[in-house]
Each structure stands twice: as structure tokens, then as C-alpha cells.
Amino acid sequence: MSLYDIIFYLFALLVLVSAFITVTSKNIVHSAFSLMFTLFGVAGIYVLLGADFLGVVQLLVYVGGILILMIFGVMMTNEITNVDIKTGTTQVVPAIIGVGLFAGALTSMMLRTGWNSQPSENMDTTTYAIGKLLLTEYVLIFELLGMLLLVALIGAASVARKEKE
Amino acid sequence: MQVELTHFLVVSTLLFSMGVFAIVTRKNAILVLMGIELMLNAANINFVAFSKFGGFGLSGQVIALFVIILAAAEAAIALAIVLNIYKTFSNVNVDEINNLKE
Amino acid sequence: MSLISLSIITLFLPLIGFTVLIFFGKRFEKIYLFEVGILFAALIISILIAYFKLTAYINQDLIFAFTWIDFGVTPLIGEFSIDLGIKIDNITVLMLFVVNLISFLVHLYSIEYMKGDIRFTRYFAYLGIFTFSMLGIVLTHNILMMFMFWELVGLSSYLLIGFWYEKDSASDAGKKAFLVNRVGDIGMLIGILILFTNYHTFTFDEIYAQIAVGNLPFDSYAWLTASGILIFMGAVGKSAQFPLHVWLPDAMEGPTPVSALIHAATMVAAGVYLLVRIFVMLTADAMLVIAVIGAITALVSATIALTQNDIKKVLAYSTVSQLGYMVLSIGIGAYAFAFFHLMTHAFFKACLFLGSGSVIHAMHHEQDIREMGGLKKKLPITYYTFLISSLAISGVPLFSGFLSKDGILAGSLAFGNLTGHWLLPIIGFTVALMTAFYMFRLVLVTFHGKPRNQEKFDHAHESPKAMTIPLITLAALSIFIFYTPNPFNSEAGWVLSDWIRTPEQVVPNEVRFDFMKSDAATGQSEITHSQMYTDAAHHAHYPAMILSLVLAGIGILIAFMMYVWGKIDSEKLKTKYNSLYKFSLNKWYIDEFYDASFIAGTHKSAKILAWFDYNVVDGIVNGTAALGRFVSMLSGWFDTYVVDGLVNFFALLNGFLGLSLRRIQTGKVQTYVVFVVFSLLVLMFFFRPF
Amino acid sequence: MEGFPIISLITFIPVIGMLVILFLPKEKVQNIKITALAATLIQLVLSVILMANYNYSAGGIFEESSFQFIDKFRWINIEGLSWIGTVKIDYFMGVDGISMPMVLLTSIISVIACISSWNISKSLKGYFALFLLLDTGMMGVFVSLDFFLFYVFWELMLLPMYFLIGIWGGPRKEYAAIKFFLYTLLGSIFILIVMLGLYFSAMEILPDGQRVFTFNILTMMDQSNYTQDGILSPFNPNNWRMLAYIALFIGFAIKIPMFPFHTWLPDAHVEAPTPISVILAGVLLKMGTYGILRISYPIFPDITRELAWYIALFGAVNIIYGAFVALAQKDFKKLIAYSSVSHMGYVLLGMASLTTAGINGAILQMFNHGTITAMLFLIVGVVYDRAHTRGLNDFGGLASQMPVYTGFVTVAFFAAIGLPSLSGFISEALVFIGAFHVESIRVITIISTLGILLGAGYMLWAMQRVFFGKLNEKWSGLQDLEMREYIMFIPLTIIIILLGVYPSLMLDVMNTSVNTLVDFVSTNFTNISLGGL
């Protein structure tokens with residue numbers, strides 16, 4: 001077991017445990033915080049997979065952006081004075097059965113498939129290469145996504161704004 | 001046991017299932033959103049893993065990057081919608097909002 | 001200016017008058033004077049035409065024609081076209097003068113007579129279009145154009161008879177006149193068609209030229225006779241011959257000057273004018289038919305005239321009777337006398353009608369002679385002119401009627417002598433007797449004796465000058481001196497010796513009367529063209545003259561005995577011969593017969609056919625539609641309950657399934673996701689790669 | 001005029017107008033009306049230009065070179081359709097002496113009807129759009145020289161007519177509209193069948209030497225273009241040609257309308273609004289007789305000669321029967337409708353004579369009946385607008401109340417009666433001249449002359465009942481004509497009088513073609529022996 005493996009298992013554990021807490025916690029604030037850990041773990045896994053730039057982006061966007069946004073959402077939709085921010089669950093039993101079966105089936109598929117895996121050699125930094133790709137091969141999608149973000153920004157603002165009386 | 005592609009895939013599968021679980025069981029819309037984020041992350045792990053082990057070069061990472069951007073946009077819109085729902089129904093419990101029925 | 005252009009001008013002048021009056025009649029009150037002036041101009045022009053024609057061109061006919069419709073070279077009958085044109089011969093110019101003169105006098109007369117009528121200018125407009133159409137008939141050189149103007153005078157007659165259309169009787173009479181005329185016109189049209197089909201021309205002269213070279217219609221004498229009789233049918237209608245005479249008495253519903261102009265002097269004489277025009281193509285059979293019709297007409301209407309009490313009705317029947325004389329005259333070959341009688345009759349009958357108009361005017365529209373009497377003192381001018389005309393029509397010497405009627409009677413006598421048809425002269429003389437009687441009955445009852453309606457009598461007064469001048473003019477024209485220097489011999493006069501020549505017939509010898517055959521003819525100078533006939537007529541001249549004088553005298557005598565001296569009690573006669581009296585008074589029940597047969601029959605068949613149309617023809621259509629509807633209903637039932645039933649069954653099934661599945665639809669997204677997950681599982685199970 | 005598609009323009013100007021109207025908002029009532037009027041007026045002006053440039057000496061009928069103002073190009077061109085082979089359909093329009101008067105008539109009547117539509121108030125936009133579409137359909141029928149195109153226009157005219165009667169009509173409009181539609185459709189089916197039969201019998205030789213089936217009417221007129229075994233080929237010893245002729249004739253006869261297919265006419269007229277009645281009587285009825293002259297006669301000269309007697313017989317029946325039924329009517333409009341039946345009988349009689357005078361008379365009668373009956377329906381419309389009743393017995397004495405109107409009525413009525421110097425006379429006279437010329441139908445002609453008596457009877461009786469007598473107090477408030485009505489009546493009156501006095505104006509246009517037609521019909525398709533029937 002190399003160091004690489006240990007680190008992977010640590011991160012995997014972090015991801016799965018914190019994700020589990022996220023989906024099961026009654027307290028929505030706890031969920032949010034454990035989600036942060038999940039995302040952090042995923043970022044670690046990215047790094048493990050040699051995607052250092054992506055890991056950084058993951059931290060910046062998810063942890064720094066989306067998560068904050070969500071916490072704001074939590075706070076704005078629950079009376080803040082009410083400290084006990086708890087939410088209920090529904091149809092737990094069918095969900096457990098279904099999701100369990102689903103997870104089992106999917107996992108078994110993953111395990112039983114003979115992947116023809118050929119780990120590519122590690123690159124020094126991916127940032128330069130990704131930047132090049134973005135502005136050459138994927139430039140159209142890149143631009144489109146830029147548009148999408150703009151639209152999302154305006155859309156979010158217009159959806160969330162207070163209606164005029 | 002050497003860490004290989006399968007490991008990553010299993011992790012992503014479990015993460016995805018948990019996301020699904022969150023979507024299915026939680027009442028709070030924000031938690032549902034979190035479930036979606038989990039699923040997206042699971043998919044991203046797959047992309048990146050395949051990118052590394054499948055010999056696809058950096059394309060998988062780029063796609064993952066795009067997915068992150070999409071997730072960001074989605075989160076922004078979704079939260080705006082949640083706020084609106086809250087304004088209309090005074091709560092964000094998905095199971096009580098069953099207007100789709102009629 | 002040539003005579004042709006003059007006659008075209010005189011033809012169109014009244015039309016201009018009509019147009020102006022129709023368009024500007026409402027705006028200018030005095031515009032009727034324009035029409036009267038135009039007629040005066042037309043009269044002057046026609047006098048000029050007559051003068052020049054009868055002096056400079058007396059033996060020469062002037063023809064002007066133009067192509068109206070050109071058909072080019074046609075595949076079946078080669079090149080042909082329809083020409084219109086005018087022909088001026090002696091008859092034309094005389095007729096032109098007569099029409100224009102009477103028309104002008106009637107215009108003059110109408111100014112007073114129609115004063116105060118609400119449609120005063122319209123009346124003059126109608127007179128204008130009548131004069132135009134009548135001149136057209138007179139001037140035409142072809143039979144198609146004659147037919148066209150023939151119909152146009154029918155129109156103006158219709159308009160003028162129905163002039164006071166507020167009265168139902170007036171509009172009825174107008175309609176009747178038009179329709180009865182149409183019956184005759186159909187015959188005339190067919191006759192024209194026969195001629196055109198064979199000769200491809202409508203021009204009289206060209207047709208006659210073809211007949212003269214032995215070119216018969218459909219190569220048979222029968223068709224030649226038939227065409228003559230059919231064209232004569234037009235004259236039967238227009239000249240009110242039996243059996244189509246019924247419209248003329250009814251036509252008296254029109255204003256009296258109209259009756260004078262149209263229904264006594266000019267239009268009704270158009271039929272005779274037509275016969276004069278086609279005289280040369282009449283076969284012996286056709287002439288005999290014409291003569292018989294003329295004689296019957298004269299007799300029937302004379303008997304009716306004996307008992308009528310309406311002053312205009314008496315005159316109307318006397319007109320029909322005199323027209324019968326003219327037609328008879330054509331039929332027996334006395335061509336010249338027919339036209340001569342047409343002229344003389346036009347003047348004295350117009351005078352009689354205008355005189356009666358004067359009486360009616362004076363009596364405030366009272367037309368029944370039983371309400372009159374003693375008007376001699378009140379209306380002296382009317383009385384004397386009326387008397388002169390009555391003498392003329394009765395055939396008393398020194399007056400024009402004697403000259404022409406005597407010629408006709410002599411001709412009929414000669415005709416009887418030559419052919420053995422003695423009934424014709426007998427009828428002729430009988431009618432002469434009756435004519436004298438009923439005319440003097442009219443004169444005596446109206447003007448002599450004591451006034452029967454004192455109130456109306458007291459209000460009566462002589463008519464104004466505009467009405468008496470025409471009376472005097474026309475009465476003057478009834479005197480012999482205008483026609484002949486010798487009051488007992490018309491042939492000595494200029495009218496018959498110089499102006500009117502009997503043309504030689506063009507029909508083949510085989511179908512002429514013996515005495516009309518071309519070898520019997522001796523040149524142009526004689527009145528009847530045929531030496532044999534002329535001789536016979538000369539032989540018959542004195543017997544006929546004496547006989548007619550005696551008969552006229554007897555007629556007048558009876559009238560005096562009945563109505564002045566009271567020797568014969570007319571009431572007693574009435575009761576004694578009640579059925580005869582009724583028969584005559586009711587006009588032989590001819591109208592009733594027509595009403596019951598033709599008119600009722602037409603209406604009945606119209607009703608039956610309309611019923612047939614609605615119920616049978618349309619019934620079949622609607623029945624088909626109903627059948628279609630029934631079939632479609634059946635198939636609709638099948639469709640609804642069988643075909644659609646099956647569909648509905650499946651729909652119901654689906655609905656049931658849907659209902660049961662509906663419970664799954666919670667509307668919660670999360671539930672749906674669960675289903676998605678399960679479905680994915682199922683799919684994964686089915687598509688598992690292992 | 002070389003190269004300028006004036007015929008197509010005349011035909012499709014109304015459609016352009018229709019499109020403009022469709023783009024106008026429906027509140028702009030005045031603009032819609034003016035657009036419709038402008039479209040019809042332009043059409044009229046173009047028709048007059050056409051007439052002015054028309055060459056009177058060109059015959060037309062069967063040779064393309066003597067048609068005038070031809071517009072021709074391949075319209076539909078489908079190659080290699082399994083067993084049918086190549087389908088080539090021409091867009092082929094042109095005029096000759098037979099269609100020229102009809103083109104003029106259609107444009108005149110359209111303008112008049114458009115003016116007469118001025119006081120339509122119900123869904124005006126739709127009305128005028130349909131009206132203009134109808135105009136195109138009618139005009140197209142009269143200028144098409146390709147059977148397929150002819151049929152398209154024939155059907156195109158049907159639909160707007162259905163809606164115009166069915167929506168803007170009287171109380172029983174649905175019944176009348178459906179009856180009209182179904183009846184005409186029935187006729188169209190007959191025409192369609194014969195059209196297809198002819199299509200598969202006659203072949204055209206293209207410039208490249210290829211022989212293809214064709215809908216070209218002129219090709220169908222040449223005996224040498226028929227295949228040996230084509231179903232309607234003159235060389236084919238069966239009797240299909242006879243049957244086809246009868247079927248085609250029935251198709252057209254329904255439109256004329258010929259007894260016993262006439263019963264749709266009174267219903268359609270009574271229910272249709274005035275302008276539509278005007279179009280119906282003025283133009284639509286002529287399409288039937290025009291179709292016979294344009295299609296039946298030159299394509300089936302052999303059968304035409306054989307059946308002329310029957311056509312004449314039906315003509316006479318139409319004349320007499322129509323007149324009798326008209327005599328029994330109590331409704332003003334129905335009376336005029338049946339008088340149309342009677343007057344169209346003259347057209348049939350004239351055509352059946354197969355002589356120059358007769359066919360000239362028939363075409364002239366088509367034109368004259370168009371103008372006269374249009375005027376008669378306008379007359380009914382005037383009195384109906386004011387009094388809201390058409391019962392002949394409801395009126396009386398209108399002559400005193402509306403003198404100018406009565407003046408126009410007198411002109412129209414006497415024109416219909418056939419008074420000389422008005423246009424009706426000369427056409428009827430020519431019909432009689434032509435028909436009497438033919439020995440076999442002479443007796444029929446003589447019987448038909450009864451029609452002019454009956455015609456005078458019902459017209460004068462109607463005139464008496466409506467206009468003469470004492471004025472019914474009820475109608476003492478009726479107004480005399482207004483300006484718009486003058487505008488409708490005066491041109492028609494002028495035409496009626498002008499053609500009555502100088503018919504050569506119109507006869508010269510058609511005469512050369514009629515001569516050609518008579519010559520063609522009496523000489524072609526002669527060397528074929530017909531079996532039986």
C-alpha cells in the first residue's frame with residue numbers, strides 16, 4: 001500500500017462519510033457543513049487524479065461560491081431566530097431500498113466490467129494545457145458557457161427580485 | 001491493493017447514490033439541491049478518472065470544468081427559484097408543493 | 001340636302017325630343033314646348049320631303065342602306081350580313097306626312113287636354129318615342145327593321161295606354177295590348193325567319209327579286225303562302241284584326257289624344273302599311289285568308305259597336321271595323337284603296353277621337369253617352385267637326401270616306417264577281433250600313449236631344465283653341481277636295497292616279513288569282529295593275545256606289561228614327577232581341593272566352609309546372625339528398641356505434657387503466673425520481689451486459 | 001403587348017387585392033372596400049386594354065397561333081411516374097373571340113357587384129376576400145386553354161361562392177349553399193372523369209420528339225393526336241365518346257342551368273345577397289355554356305353534330321318551362337331566377353343550331369343576359385334593401401314613389417323581354433335566325449318563339465304588380481335611387497342600349513372565332529364511324 005493509496009482511501013472516506021452526513025443530517029446547517037467536506041474531499045481526489053487545476057477550481061467555485069450561496073439560501077428561507085433548523089425526510093424506506101439496489105447494481109457493474117485502463121503519465125501542470133484546449137478546441141463551448149453564466153446571473157437576479165407592489 | 005480506475009468509480013457511484021438518496025428523501029429544497037451537487041460531483045469524478053485512465057488526454061478535465069460552471073449557474077438559478085417558492089408558499093418543502101399533480 | 005338626309009333628320013327629331021324630355025323634364029316645366037316644336041319641324045320637313053318626292057322623284061325610289069351586322073364569310077351560307085336602311089317611295093312620303101301631321105296636331109291638342117297632369121312632360125316624351133318608332137316603320141327598307149320599330153311602337157303604346165297606371169284597368173289594358181300584339185309578332189317573326197332562311201336578306205326589294213326569279217321558300221308554294229300569312233299575323237295583332245282585336249277597345253284606357261294618334265290613326269294602321277309593303281309577295285291563298293280575316297273583323301266589330309255606350313268604345317270598335325275594311329281591301333287586291341282608306345281614315349278617325357276627347361273634357365271625364373245629349377249648343381265647333389267626320393266615315397259623298405270606302409266596296413264586288421266569293425262584298429255592304437247607323441247613333445245621342453245629365457251639361461264648355469284647331473284641321477282634311485276634284489270618282493284624283501301605283505306581284509303565276517296573272521297585267525298606269533281587275537272594278541263602280549249610298553242613307557235614317565224622331569223604340573228592340581243585344585253588348589264574349597281559355601290555361605299550366613318544379617324536379621333533388629342523408633345517417637350510426645364504439649372501448653379501457661395508474665401521480669417530484677430510479681434498475685436488469 | 005402577361009394579370013389581380021385585404025386590419029372598413037374596388041377596376045381597365053388590342057381577324061378555337069395574348073409555360077412536370085409515365089401540365093391561357101366577351105363581362109359584372117357590395121356589413125373583410133377570390137376563379141375559367149387549369153379554376157370558383165351564399169345569405173342560406181355546392185360538385189365530377197379520359201387518349205408531341213399525354217385543350221381537338229386505343233379516341237370503336245360527351249354536357253348543364261338540373265338556381269338566388277346574385281346570374285351561368293362551346297364542341301365535333309337536336313330540345317324546354325314557372329312565382333327574385341333559366345335556353349338553342357348566326361346569337365345572349373340579369377337582380381336588391389320584402393304582391397304603385405328607379409326598371413325589363421333597340425332583342429333574334437336555318441330543329445325553334453310571349457307575360461305582370469296601381473301606403477316612405485345605385489345602373493343601361501343599337505361592337509369581336517368554330521365543328525372528326533347508340 002503506497003502513500004498514494006492511503007491518501008486515496010482517506011479522501012474517499014472523507015467524501016463518503018461527509019456525504020452521508022449531508023444527506024442524512026436533520027440539521028440543515030450540519031448538512032451544509034458536511035457538504036463542504038465532501039466537496040473538499042472531491043477536490044482532493046481530483047488532485048490525486050492529476051487534475052490539480054480542477055481541484056483548485058473545485059475548491060474555489062464549490063466551497064467558496066456554491067456552498068456560501070446555499071448557506072445564504074438556508075438562512076433566507078428559515079427564520080434565523082429559529083435556531084433549530086431541521087428538516088424532515090420522506091419516503092425513507094423505498095428510497096433506501098431503491099437507492100441501495102441502485103448503488104449495489106451500479107457498483108457491481110463497475111467492479112465486473114473489465115476496464116482497459118492505461119494510466120497516462122503524470123503531467124507537470126495541467127493549467128497550461130487546459131487553457132490551450134479551452135481557447136482552441138472548446139472555444140465555442142467556452143464562449144457559450146460564458147453566455148450561459150451571464151444569462152444565469154440575470155435570470156437569477158430577475159427571478160429572485162422582489163415583485164413590485 | 002493498488003488504487004485503480006475501479007476505486008474511483010466505486011467512490012463516485014456511492015457518492016452518486018447518496019445524491020439520489022438526498023433528492024428522494026429530503027423535504028427541504030436546499031437539501032435536494034445539495035443532492036444534485038453531490039451527483040454532479042460524482043459525475044465529475046468519473047470524468048476526471050476516465051481522463052486519467054482512459055487515455056483521453058485532458059478532455060475529461062475540460063468537461064469536468066464545464067460541469068462545474070454549469071453547476072454554479074444551476075445553483076444560482078435554483079436558489080433564486082427556491083427563494084421565489086418561499087415567497088409564494090412560505091416554505092420550501094418539496095413534498096407540499098405538488099402543483100404538478102393537477 | 002338630299003331627301004335621304006332629310007328623312008333621317010325627321011326620323012330622329014322625335015327621338016331627340018324624347019331624350020331631352022326624359023332627362024330634363026323634371027327641371028324645366030315648359031320643356032314640352034320643345035317636343036311640340038320638334039314635331040312641328042318634323043312636319044315641315046316631311047311636307048318638304050313629300051313635295052320633292054312627288055314632284056322631282058315621282059317615279060324613282062330612293063334607298064339608303066348600311067351594313068349593321070357583318071358576319072363575313074360564314075361556313076354554311078357564305079357571305080352574309082344584316083343591312084339596315086331606309087327606302088323612300090310615294091307611299092312612304094304620304095305616310096310620313098300623315099304620321100307627322102296627326103302627331104303634331106295631337107301634340108298641340110294635348111297641351112290643353114293633359115294640362116295639370118302630374119306626369120305632363122313624361123306624356124310628351126312618350127309621344128316623342130312613339131312618333132320616332134312610327135316613322136321608323138314608315139321609312140324602313142327591310143323587314144327586320146320594320147319588326148324592330150314594330151315592337152317599339154308596341155312599347156310606346158304600352159306606356160301610353162298604361163299612362164294612368166294608378167288605375168288597374170289602365171295597366172291591365174297596357175299589358176293586354178302588349179301581349180296580344182306579341183302573339184301576332186311571333187307569327188310575323190316566324191314569317192321573317194322563313195324569308196331570311198331562304199334568301200339570307202331582310203331587304204324587301206331583294207326578297208321580292210328572288211321570288212320574282214322563281215326562287216321559292218323551301219321550294220314550295222305552301223311555304224310562300226305560309227310566310228305571307230305569318231307576316232300578316234303581325235298585322236293582325238297591330239291592326240287589331242279578329243281574333244286579336246280584343247286589345248284595342250281596352251286600349252281606350254289611355255288618354256284620349258293617345259287613342260286618336262296611336263289607336264286610331266297611325267299605329268293600328270301600321271298593320272295595313274305592312275300589308276301594303278308585302279302585297280307583292282302574297283299568294284292567292286294568302287290574300288284570301290287576309291280578305292276573310294278583314295271581313296270577319298269588320299263585321300264582328302261593327303256589330304259590337306252598335307250597342308256600346310262608351311263614346312270611346314264605339315269609336316274603338318269602329319276603328320277595328322274600318323281596319324277590317326283596309327285588310328279586306330288588301331286581300332281582294334284593291335291595294336291602292338287600302339292605302340287610300342288608311343289615309344282618309346287616319347284623318348277623320350283622329351278627328352272623331354279628338355272630338356270625343358273634347359266632349360269628355362267638357363263633361364269632366366264622363367264617357368258614357370247616356371249621360372250626354374244636347375251638347376250641340378255647348379260645343380259647336382266640336383259638334384260640326386265631329387259631324388263632318390261622321391259623315392266621312394259613314395261614306396256620304398263629298399267627304400273623303402266615301403271616296404276610299406266606295407273603292408273598297410267596288411273592289412270587293414269585282415272580286416266577288418271574278419272569283420265567286422260573294423260573301424265578302426255582302427259583308428262589306430252590311431258593315432257599311434251598320435257603320436252609318438252606329439256613327440249617327442253616336443252623334444245624335446251625344447249632341448242632339450235633351451241633356452240627360454243637367455248638372456254636367458251646365459258645366460260643359462267649348463274647348464280652348466289648342467284643342468279646336470286640330471279638330472278643324474282634321475275635319476277639313478275629311479273633305480273630298482284634298483284628294484280629288486271629282487267627289488264621285490276617286491280615281492280622278494292625284495292621290496290615286498299619280499301617287500299610288502299598284503305594283504305587280506312577284507309570286508309565280510300559278511299561285512296568283514286569275515285576274516292578277518302577269519298576262520292580265522297591262523302596265524303601270526292603272527290603279528290595280530291588272531286590266532281584268534280594273535275593268536271589273538269599273539263595272540262594279542256604279543252599282544257599288546249606289547248601293548253604298550243607299551245603305552248609308554238607310555243607316556242614318558234608322559238612327560234618326562230611333563234617337564230623334566222616336567219612331568222606333570230602341571228599348572223595345574232591346575227586350576225583343578235580348579240575347580242578340582247582350583251578345584253584342586258583351587263583345588261576343590270573346591274576352592271572356594280568352595280569359596277562360598288562354599289566360600286561365602296559361603296561369604293554370606304555370607301553376608302546374610311550378611308545382612312540378614317544386615315537388616317533382618326539386619323533389620327528386622331533395623329526395624336524392626334525403627337518400628344521401630339517410631345512407632349517411634346509417635353509416636353514421638354504424639360509425640358511431642360500431643367503429644367508434646370500438647375506439648371508445650379502447651379509450652374507456654385506457655381511461656380505466658389511467659384511473660388506476662393515476663394514484664401514482666402524486667405531483668411530487670421526489671416520487672417521480674423514485675420511479676426513475678426503479679425504472680433504471682429495471683432497465684439495467686434487462687440490458688445487463690453479463 | 002408582346003411579352004406582357006396581361007391575361008395572367010387580369011386573372012390574378014383580384015388575388016393580389018385579396019392578399020392586401022387579408023393584411024388590412026378588419027376595422028379599416030373603408031380601406032378594405034376601396035382595395036376590392038380598386039382590384040376589380042384595374043381588372044376592368046386591363047380588360048378594356050385587352051379589347052382595344054384585340055385582333056378581330058384571328059380565329060382561335062383550335063390553333064394556338066391564332067389565339068391572342070397567350071401565356072404559356074410548363075406548370076407541373078413530373079417525370080417517370082410508374083404506369084402513368086410523364087405528367088406535364090401547362091399553364092396555358094389565351095383569348096379568342098369566344099372568351100373575349102366573357103372576359104369583358106366578368107370584369108364589368110365584378111365591378112358592379114363590388115359597388116353593390118358597399119352596404120354589406122357582416123364580416124366585411126372575409127366577404128371581400130372571398131369575393132375577389134371568386135373573381136379570379138371566374139376569370140380563370142374563361143381564359144384557360146388547358147383542361148387541368150380550367151378545372152382548377154372551375155373548382156376554385158366554387159368554394160368562395162359556397163361561403164358567400166352560406167354566410168352572407170338569407171334565412172335558408174345553409175340549405176341553398178349546400179345545394180349549390182353539391183350540385184355543382186356533382187357536375188365537376190363528371191367533368192373530371194371526362195377530363196381524365198381525354199388525358200389518357202390524346203398525346204402531345206414535345207419539341208424534343210417525346211410523346212406525352214396532355215391536358216391541352218387544343219391538342220385534344222386534333223384527331224391525329226389521339227392514340228389508337230385511347231378510351232376516348234375517335235378511332236376506338238366503342239361508344240365511350242358518346243357517353244363522355246353526355247357526362248361532360250351534364251357537368252356543364254348543371255351550371256347553365258339546364259332543365260332538369262336547374263333547381264339549385266332559384267334557391268341559391270333567393271338566399272344569396274344581391275351582389276352574389278348578380279355574379280351568379282351575370283357570370284357563373286355563362287361558364288356552363290362557355291364550357292360547352294370551348295370544350296365539348298371542338299373536342300367532340302362528331303358527337304355534337306349527332307346530339308345537336310337534343311341540345312336544341314333542351315334549349316326549348318328551358319325557354320318554355322322556365323317562362324311558365326316564372327309566371328307562377330310570387331317572389332320577385334325567384335321570378336328573375338326562373339327568367340334566367342328561360343333566357344339561358346336561348347343560348348342552348350342558338351348553340352345547337354351550329355350556324356354562325358345562332359352561335360353568335362348564343363354568345364351575345366350570354367353577354368346580354370349577363371348585363372340584363374345583373375341589372376334585374378340589382379333592381380330587386382334596391383327594393384329589398386328598402387322594403388325588406390320581395391313578394392310581388394306586397395307592392396304596387398312604386399312608379400309614383402320611385403320614378404327614376406322605375407325608369408331603369410323599364411329599361412331592364414324590356415331588355416329582358418327582348419325589345420328591339422335594347423340588347424336582348426338582337427341576341428334572341430340571331431338565335432332564332434340561326435336555329436330556324438337548320439331543318440331538323442325548325443319545329444323546336446317555332447315552339448321556342450312562344451317563349452318571347454311568355455317572357456313578356458311574366459315580366460309585364462311583375463311590372464304591373466310592383467310598380468303600377470295605387471301606391472300602397474306602407475311604402476310611401478321609400479326613397480328613390482341614391483348615388484351609389486346610379487353608379488351601378490347607368491353603366492349597365494348604357495351597355496344594354498349600346499349593344500341594342502349597335503350589336504356589331506360585340507359581334508365583330510366574336511364573329512371570326514364563331515365562323516372558325518362552326519367550320520371546325522361541321523367538318524372535323526368526320527371519317528369515323530360510330531357504332532350504335
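This note goes through a predicted model chain by chain and then residue by residue.

1. Chain C, overall shape. The secondary structure of chain C amounts to 26 helices and 2 strands. Its radius of gyration is 37 Å, whereas the globule rule gives 26 Å for 690 residues, so chain C is more spread out than a compact globule. Along the principal axes, the C-alpha atoms of chain C occupy a box of roughly 150 × 70 × 55 Å.

2. Chain C, packing. Buried residues account for 54% of the 690 residues of chain C. If contacts in chain C are restricted to residues at least 6 apart in sequence, 78% of them link residues at least 24 apart.

3. The strand pair of chain C. Strand β1 (residues 62-74) and strand β2 (residues 78-88) of chain C run antiparallel and are joined by 10 bridges. The connection from β1(C) to β2(C) is a hairpin through 3 residues. In this pairing C:Leu62 is opposite C:Ile88 of β2(C).

4. Helix α17 of chain C. This helix covers residues 400-419, which is 20 residues. From first C-alpha to last, α17 of chain C reaches 29 Å, close to the 28 Å expected at 1.5 Å a residue. Is the helix enclosed or open to its surroundings? Of the 20 residues of α17(C), 17 are buried, so the helix is largely enclosed by the rest of the structure. Directly after α17(C) comes C:Gly420, with a positive phi of about 90 degrees.

5. The loop between α8 and α9 of chain C. Two backbone features in this loop deserve a check. In general, most residues other than glycine have a negative phi, and most peptide bonds are trans. C:Ala240, placed in the loop between α8 and α9 of chain C, has phi near 55 degrees, a positive value in a residue other than glycine. C:Ala240 has 31 other C-beta atoms within 10 Å and is therefore buried. C:Pro243 lies in the loop between α8 (221-238) and α9 (247-250) of chain C. The peptide bond leading from C:Phe242 into C:Pro243 is cis, and its omega is near 5 degrees.

6. C:His364. A positive phi, near 60 degrees, is also found at C:His364, a residue other than glycine. C:His364 sits in the loop between α14 (335-362) and α15 (375-378) of chain C. Is C:His364 buried or exposed? With 10 other C-beta atoms within 10 Å, C:His364 is exposed.

7. Chain D, a cis bond. The peptide bond from D:Ile256 to D:Pro257 is cis, with omega near -5 degrees. D:Pro257 belongs to the loop between α8 (240-255) and α9 (264-271) of chain D.

8. Chain D, a residue in the interior. D:Ile379 is part of helix α13 (residues 356-387) of chain D. D:Ile379 has 24 C-beta neighbours inside 10 Å, so it counts as buried. Which residues does D:Ile379 touch, leaving aside residues up to four places away in sequence? They are D:Phe408, D:Val409 and D:Ala412. D:Ala412 is 33 residues from D:Ile379 along the chain, and their C-alpha atoms are 8.7 Å apart.

9. Chain A on its own. Chain A has 6 helices and 0 strands, in the order α-α-α-α-α-α along the sequence. Of its 165 residues, 30% are buried. For contacts in chain A between residues at least 6 apart in sequence, 55% join residues at least 24 apart.

10. The interface of chains A and B. Of the 4 pairs of chains that touch, chains A and B have the most contacts. Here 59 residues of chain B are in contact with 68 residues of chain A. On the chain B side, the elements giving two or more residues are α1 (5-25), α2 (29-53) and α3 (59-89). The largest share of that side, 20 residues, is supplied by α3(B). By class, the chain B side has 42 nonpolar, 11 polar and 6 charged residues.

11. Other chain pairs. Chain A puts 10 residues in contact with 8 residues of chain C. The chain A side of this interface has 6 nonpolar, 3 polar and 1 charged. Chains A and D do not touch, and their nearest C-alpha atoms are 35 Å apart. Chains B and D share no contact either, with their closest C-alpha atoms 39 Å apart.

Key: Residues numbered from 1 in each chain as written. Chains lettered and ligands numbered in written order. Predicted model: local features only at pLDDT ≥ 70, side-chain atom pairs only at ≥ 80, totals over all residues. Helix = DSSP H or I, 4+ residues; strand = E, 2+ residues; numbered from the N terminus. Rg over C-alpha atoms; globule rule 2.2 N^0.38 Å. Buried ≥ 20, exposed ≤ 12 C-beta atoms within 10 Å, placed from the backbone. Contact = placed C-beta atoms within 7 Å. Expected span 1.5 Å × (residues − 1). Nonpolar A, V, L, I, M, F, W, Y, C, P; charged D, E, K, R; others polar. Pairing = 2+ DSSP bridges.
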